[in-house]
Amino acid sequence: MNLVGDDEQFDRLLIAARSYWEHRPLRDDSGPVVVAEALHEDIRVIVRNLLVANAICDLRSARLVVLTGTDRDWNEVLWEEFDIERVRRLAEAFGADKVFDVHDLVNRHLADRDDSPTEASDSETIDAVEKATLIRLGRVPRLPDTEEPWHRSRRSRTRAFAAVYDRLFAELSPDALVTSHVDYDQWGLAVDTAIRREIPVVHVQSTGTLKAYALFPERRRGLGTFREELTGQIAEYFEEFVWPHRDLIKPSAELLAWRAKVNLGRPSWWRAGNVSDFEVRTETERRQIRQHACERFGINPDLPVFTVFHHAVSDALGTNRELFDDLAQWFEETADFAAANDSVNWLFLDHPSQFRYDTTGHFAVVAERHSARAHMAFMPSLALSKNVLWSMTEVGVTVRGSVSSELPAFGIPVIQAGWSEWSGCGLSHVAQTRDDYWRLLGEAVAKHAKGESILGPEQRERARLWLWLYRSGADVPSPLVPHWEVGAGNEYLSTLVAGLRHVERDGDPLYCTLRRMWERRDPLLSRFDFQDPSGFAAALAASRSAS
């Protein structure tokens with residue numbers, strides 16, 4: 001575990017946590033169980049899971065069971081300082097009845113020479129998780145034609161995870177799984193097991209104060225993955241509770257749109273600092289910056305600019321609906337389409353954190369392939385400020401990135417070749433098939449080349465309402481949960497310790513909002529009770545009076 005500050009501060013946290021949880025009623029060993037995942041090294045991620053899981057434990061009079069562990073592959077690619085013993089001590093201080101090292105269980109399973117999943121596992125799901133995990137751990141755009149030696153051992157390990165989670169969840173029969181991730185073998189197969197066993201899954205987010213999505217078994221539509229199910233349910237929630245209140249929310253949404261600048265979480269496309277500030281307020285300012293930027297980068301200012309945002313190329317493949325075999329294929333074929341359509345400019349941007357996801361130089365290879373095309377430019381994202389980027393861009397193109405919600409909020413239409421969690425809310429043009437994707441691109445090129453726009457009549461308003469929901473309506477402030485922007489280390493620990501020592505749980509939004517989500521089977525935590533319009537209106541009015 002990293003980002004924990006010094007040993008003295010960590011010990012203070014353990015003492016404060018034990019004191020906070022020690023007076024709960026004793027739970028029957030044969031009673032309900034809530035499982036919390038602690039497979040990430042960031043203490044902020046672990047603590048959020050433990051806090052949410054404990055709130056569900058109180059709601060269900062359940063015991064807390066924690067899953068932790070790591071292996072060589074995850075250590076080499078992602079972790080810097082995964083300390084299993086520290087995680088165990090933290091989990092026990094937060095009231096964990098049992099802590100399982102699932103990686104150790106996997107090792108034992110493999111030692112028994114049984115690397116096949118149980119009959120309950122879906123081989124298609126296993127194959128998809130294997131592929132996504134191998135690509136992510138290999139930090140490659142796609143699997144090579146010739147299998148590398150470590151691939152075979154990882155495949156066996158992935159299948160062992162499926163078997164271990166099947167057996168563990170059969171023994172525990174948990175009331176809920178609380179997790180920070182829903183992808184890859186160590187997280188994704190726990191989620192898959194929970195879904196198949198009709199166990200609610202709560203996905204806690206690593207941004208904001210307290211954000212969480214939830215999938216309840218009776219709300220499933222049989223669409224496939226957790227993320228696919230979530231996209232549809234969020235769309236329904238948005239249409240039922242947000243869009244009808246658009247006039248009431250609009251003043252807050254307009255204010256929030258201009259506050260949505262710098263965020264170390266998401267959205268903001270992984271940017272931070274002044275490079276993320278968008279300060280343009282008039283069309284005149286936008287035209288002036290656009291002219292300057294086009295001249296600076298050698299782009300024809302007389303033609304519209306279509307900006308293609310490359311996603312982190314090995315990130316969570318196949319976990320939501322996507323039109324192409326992988327993100328590399330989407331990027332390559334989109335570049336080929338751009339090469340044949342020179343009535344607009346095409347600006348291709350690499351993901352700001354691509355170095356964490358790709359060791360092959362995929363972006364540079366595609367850029368070199370099209371280097372002779374005057375109407376195509378390839379750049380690192382951070383070479384452009386948001387002022388420049390959003391002033392230049394007439395149309396955004398992406399798969400599932402957060403730009404598909406941000407750009408429309410500022411009047412810039414977006415075409416998506418895949419689903420984000422907000423893709424059913426009417427913010428962007430979401431292609432349903434590959435042919436539909438090429439059709440949307442073709443229509444966009446034709447319209448914008450004539451000075452028209454594909455921006456839908458409601459897309460800007462819907463996008464601003466979504467930003468409000470994402471950053472405000474579905475972000476629950478609780479004194480027990482330090483905001484993600486507090487950072488880590490001693491400052492984070494001292495803030496968390498203060499909450500545990502001095503904040504009583506009576507009426508705490510963490511417990512109140514989680515109970516509401518659980519009882520109503522909502523797909524997300526919400527700061528407001530949307531089913532109480534008068535109370536919702538009064539809460540917004542009070543906040544505006546205060547400001």
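This section describes the two sheets of a predicted model and the helices that pack on them.

The chain has a mean pLDDT of 91, with 93% of its residues at 70 or more. Residues 264–269 form a stretch in which pLDDT stays under 50. For that stretch, the model has 30 contacts beyond four places in sequence.

One open sheet consists of 6 strands in the order β3-β2-β1-β4-β5-β6, with mixed pairing. Strands β3 (96–101) and β6 (212–215) are its edge strands, each paired on one side only. From one strand to the next, the twist averages 20 degrees. At the β3 edge, strand β2 (residues 63–68) pairs with β3 in the parallel sense, and 5 bridges join the two. Thr68 has Asp101 of β3 as its bridge partner. Helix α4 (residues 84–93) packs on this sheet and touches β1 (33–38), β2 and β3. The direction of α4 makes about 160 degrees with that of β3. Helix α8 also packs on the sheet, where it touches β1, β4 (176–179), β5 (201–204) and β6. Relative to the direction of β4, that of α8 makes about 155 degrees.

Helix α8 (residues 184–196) packs in turn against helix α6 (residues 123–138), the two axes lying 9 Å apart at an angle of about 155 degrees. Because angles over 145 degrees count as roughly antiparallel, α6 and α8 are assigned to that class. The crossing of α6 past α8 is right-handed. On the α6 side, the contact is made by Thr125, Ile126, Val129, Ala132, Thr133 and Arg136. These residues meet Tyr184, Asp185, Leu189 and Asp192 of α8. By class, the contact of α6 with α8 comprises 5 nonpolar, 2 polar and 3 charged residues.

A further open sheet also has 6 strands, in the order β9-β8-β7-β10-β11-β12, and its pairing is parallel. Strands β9 (376–380) and β12 (429–430) stand at the edges; each has a single partner strand, so one side of each is left without a neighbour in the sheet. The partner of β12 is strand β11 (residues 414–416), and the two pair in the parallel sense over 2 bridges. Within this pairing, Ile415 has His429 of β12 as its bridge partner.

Helix α12 (residues 327–339) lies across β7 (305–309), β8 (345–350), β9 and β10 (395–398). With respect to β8, α12 runs at about 160 degrees. Helix α12 also packs with helix α13 (residues 362–369), at an angle of about 15 degrees and with the axes 10 Å apart. The two helices are therefore roughly parallel, the cut-off for that class being under 35 degrees. As with α6 and α8, the crossing of α12 past α13 is right-handed. The α12 residues in the contact are Ala328, Phe331, Glu332 and Ala335. Their counterparts in α13 are His362, Phe363, Val366 and Arg369. The contact of α12 with α13 divides by class into 5 nonpolar residues, 1 polar residue and 2 charged residues.

Methods
Residues are numbered from 1 along each chain as its sequence is written. This is a predicted model: local features need pLDDT of at least 70, side-chain atom pairs count only at pLDDT 80 or more; totals for chains, interfaces and linings use all residues. Side-chain values use heavy atoms; hydrogens and water are left out. Two strands pair if DSSP finds at least two bridges between them. Helices (H or I, at least four residues) and strands (E, at least two) are DSSP runs, numbered from the N terminus. Contact means heavy atoms within 4.5 Å. Axes are lines fitted to C-alpha atoms, for helices over the stretch in contact, and angles run from 0 to 180 degrees between N-to-C directions. Angles under 35 degrees count as roughly parallel, over 145 as roughly antiparallel, 65 to 115 as roughly perpendicular and the rest as oblique. A crossing is left-handed if the near helix is turned anticlockwise from the far one by less than a right angle, and right-handed if clockwise. Ala, Val, Leu, Ile, Met, Phe, Trp, Tyr, Cys and Pro count as nonpolar, Asp, Glu, Lys and Arg as charged, and the others, Gly among them, as polar. pLDDT is the predictor's confidence in each residue, from 0 to 100.
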